[in-house]
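Work through the exercises below with the sequence and coordinates open. Each task is followed by a stepwise solution.

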Amino acid sequence: MSDEKAPGFDTLAIHAGARPDPATGARVTPIYQTTSYVFDDTEHAASLFNLETFGNIYSRMMNPTNAVLEERVAALEGGTAALATASGHGAQTLIFHTLLEPGDEFIAGRQLYGGSVNQFAYSFAKCGWSVKWADVTDPETFRAALSDKTKAIFIESIANPGGVVSDIEAIAEIAHEAGVPLIVDNTLATPYLIKPKEYGADIIVHSLTKFLGGHGNSIGGALVDCGTFDWQGSGGRYPTMTEACESYHGIKMAETFGDFAFAIAARVLALRDLGPALAPFNAFLILTGIETLPLRMQRHCDNALSVAKHLAAHDKVAWVNYAGLPGSASHALAERYCPKGAGAVFTFGVKGGYEAGVKLVEGLELFSHLANIGDTRSLVIHPASTTHRQLSDEAREVAGAGPDVVRLSVGLEDKADLMADLDQALARV
Amino acid sequence: MSQAEGYHEHYSDAEIRAVLNGVRSIAIVGASPNPSRPSYFVTKYLKAKGYEVLPVNPGHAGKEIAGAKVYGSLAEIGRPVDMVDIFRNSDAAFGITEEAIAIGAKVVWMQLGVRNDAAARLAEEAGLTVIMNRCPKIEYGRLSGEIGWTGVNSKVLSSKRPSMRGGTIQQRMLKED
C-alpha cells in the first residue's frame, strides 16, 4: 500500500513503520538490544558519520526498534518524521535546544502540566531560555507576550490536569503571523482525538508514557516534525537549522534535509550531544500499546464521560471540570477539536476541602493512588497533599490544585465498577 | 513559468519505483564536489546503490566527484544515459531538458524545488518520462524503507520482507512489489 489511497488511522496504528524483519522474517518488530551496528566497510562508515546515507551507527542516536516507533508516531500525526526520546521531558529539551539560543524567549500556556512548568521556568532558565506565560483560554494573551526575542509558542492540545481545550488554530495564526513555529503537546488527546497539524502545529511533542504506550509500563517521549515551518525563509532566526554545522563539515540542516530537517537536526545534534535516548525495550512495549490506541482511547473517553456525569450528580461532589460535560468552559472547543471524546483525565472537587480529598483517595479500592495518567488502570491523585504540597495555598489555587481538587485518569475497567468504587469512597468522606 | 493545476503534482509509488528500477546510468547536472552540498550526497548515494553516475559540472570538468569522472556538459558524455537528474534552478531546467532529449535520455528528473512545466511537456512529447520536484535519494530511501531508519515517515505500508542489497549489511534495495 502507498499514498495512492491514504490508509486509515487504525491501519496506521498497526502497520506504519513496521515491515517484516529483513534478517529473520519476524513479523513483530524485534527488540534490537544493541549499542552499535557493524559497517559494510570504512567508506560506508564515513558516509554514515557524514550523514550522507541512511543507516545505523550507535543507539544513542538511532535504533531499528525505536525507528519503527518513530515512523509510527509520525504517521499517526501526519508528520514528515519523528524522534523518540527517553521521556516527554527529553523530547521538550531537544526541541528547545534545536530552536533557541541563550537569551531567546518562548511563550507557553500557563495551564501546562506542572512538570513542564518546572522545566520551562527553572531548568531552561539555566540555559538562558526564558519562558513568558500566556493564558490558553485567551489566545490574544499570546500576541501580547510576543517580543523580538520570541522563537516559539508552546501549548497543550488538552491541558493536564485542568482539562482546558486549546484553540489551536487561533494560537497557530498568532505564531505564524509572528514568524515562529507552534509546538503542541498532544499527550492527553493523542492523534486519535486531535491531530494538531491540521490546525497549524509545526512541531508536536508527546509523553509516550501516557495513552500512546497506554499500559503504565514504560517512560518514553517523542517529537514530531510536521514539515510545515519554513526555516530557510525565517531570516536566519534559527541558526541551528540554517547555518553551516561545524560538527558535520559545514552541512546546513534545512537545505540538506528539507521538510524533515527539524527532526534530523534534533537527532544528529541535540540527541547526539544531550543524550536522552529511548531504550529499545521501552520502544517495543510502547509500539505494542499503540497498536490498540484507537480502541483504548475511545473506551477511555466513554468511561470518563460516564464517570464525570455520575460524579456531577453526586451530592458529595462540589464540582466536576471535564470538557466533555456541557457545563464545562471548554465544552464548545471540545466539540470542535475532539468530537470523539475529551480525553480521560479530569478534576473534581469534594465537598469538605482538604480533609475530604485525602479521605476519598484513601478510601478508593480500584483506583490506584499514584502520579501518572494514561494507564489501562484507573488512577487518582490529590494534588494538594502530594504533587503540589510544597506550594502556598495561593499558588495551589493558581495551579488548579486547590485543597478539594482530585484528579482522575479513567481507565478501561467496567465503568459500573469504577462508579461503585467512587460511591463507596465518597460514602466514607 | 506557468504551472497547470494538477500537472505533475503527484506521482504514484509505482511510477517512481518503475523509474528507479528502470534506469542504470544517471547524469547529475549541477553535481557539486563540495561534500557538504545536497548534490554531492545524492551523487554518492546513487553510486552506492549501484547506478552508474555521471556528474556534469562545467566548472569541474575532468575532476572527480565521489569517485566519478565529471563532464563539462551532457553532450560531452558522448553516449546515451538513461536518466538526467537536474540540480539547477527551474529556469535552467529547460535548456538541460533539450540537451537530455538530444543525448537520448529516457527520463528527465528535476530535484526537490525544481519545476519547469514547459520543459516537462517538451520531454513528454519526445517520449521521455518526467519527474519534477522530487529527490531520487529520498524516493529510493522511502520506497526501500531505508529512510525509516532515521524516523522519517515513508508513507509506505507493506507486509512483505524488505530486500537487502547483496554483499552489504546495512543497505536495502528496491524490488518490484
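Buried area is the accessible area, taken with a 1.4 Å probe, that two parts lose on being put together, summed over both. The model is predicted.

**Exercise 1.** Describe the extent of the interface between chain A and chain B.

Solution. Step one takes the area: chain A and chain B bury about 3800 Å² between them. Carbon and sulfur atoms carry 55% of it. Step two looks at single residues: Arg19(A), Glu52(A) and Phe54(A) supply 23% of the area that chain A buries against chain B, more than any other three residues. Step three counts contacts: 52 residues of chain A touch 40 residues of chain B.

**Exercise 2.** List the polar interactions across the interface, then the elements of chain A that take part.

Solution. Between the two chains there are 3 salt bridges. One of them can be located by residue: Glu43(A) pairs with Lys44(B), with the closest N and O atoms 2.7 Å apart. Polar contacts link 16 residue pairs across the interface, both residues being at pLDDT 80 or more. Elements giving two or more residues to this side of chain A include helix 2 (42-49) and strand 1 (81-85). Helix 3 of chain A gives the most, with 5 residues. By class, the side of chain A that touches chain B has 24 nonpolar, 16 polar and 12 charged residues.

**Exercise 3.** Is chain B as compact as a globular protein of its length, or less so?

Solution. Chain B comprises 6 helices and 9 strands. Its radius of gyration is 16 Å, close to the 16 Å that the globule rule gives for 177 residues, so chain B is as compact as a globular protein of that length. Of its 177 residues, 57% count as buried.

How values were computed:
Residues numbered from 1 in each chain as written. Chains lettered and ligands numbered in written order. Predicted model: local features only at pLDDT ≥ 70, side-chain atom pairs only at ≥ 80, totals over all residues. Heavy atoms only, no water. Contact = heavy atoms within 4.5 Å. Salt bridge = Lys/Arg side-chain N within 4 Å of Asp/Glu carboxyl O. Polar contact = N/O pair within 3.5 Å; in protein donor to acceptor, adjacent residues only side chain to side chain. Helix = DSSP H or I, 4+ residues; strand = E, 2+ residues; numbered from the N terminus. Nonpolar A, V, L, I, M, F, W, Y, C, P; charged D, E, K, R; others polar. Rg over C-alpha atoms; globule rule 2.2 N^0.38 Å. Buried < 20%, exposed > 50% of the residue type's maximum accessible area, 1.4 Å probe, protein only.
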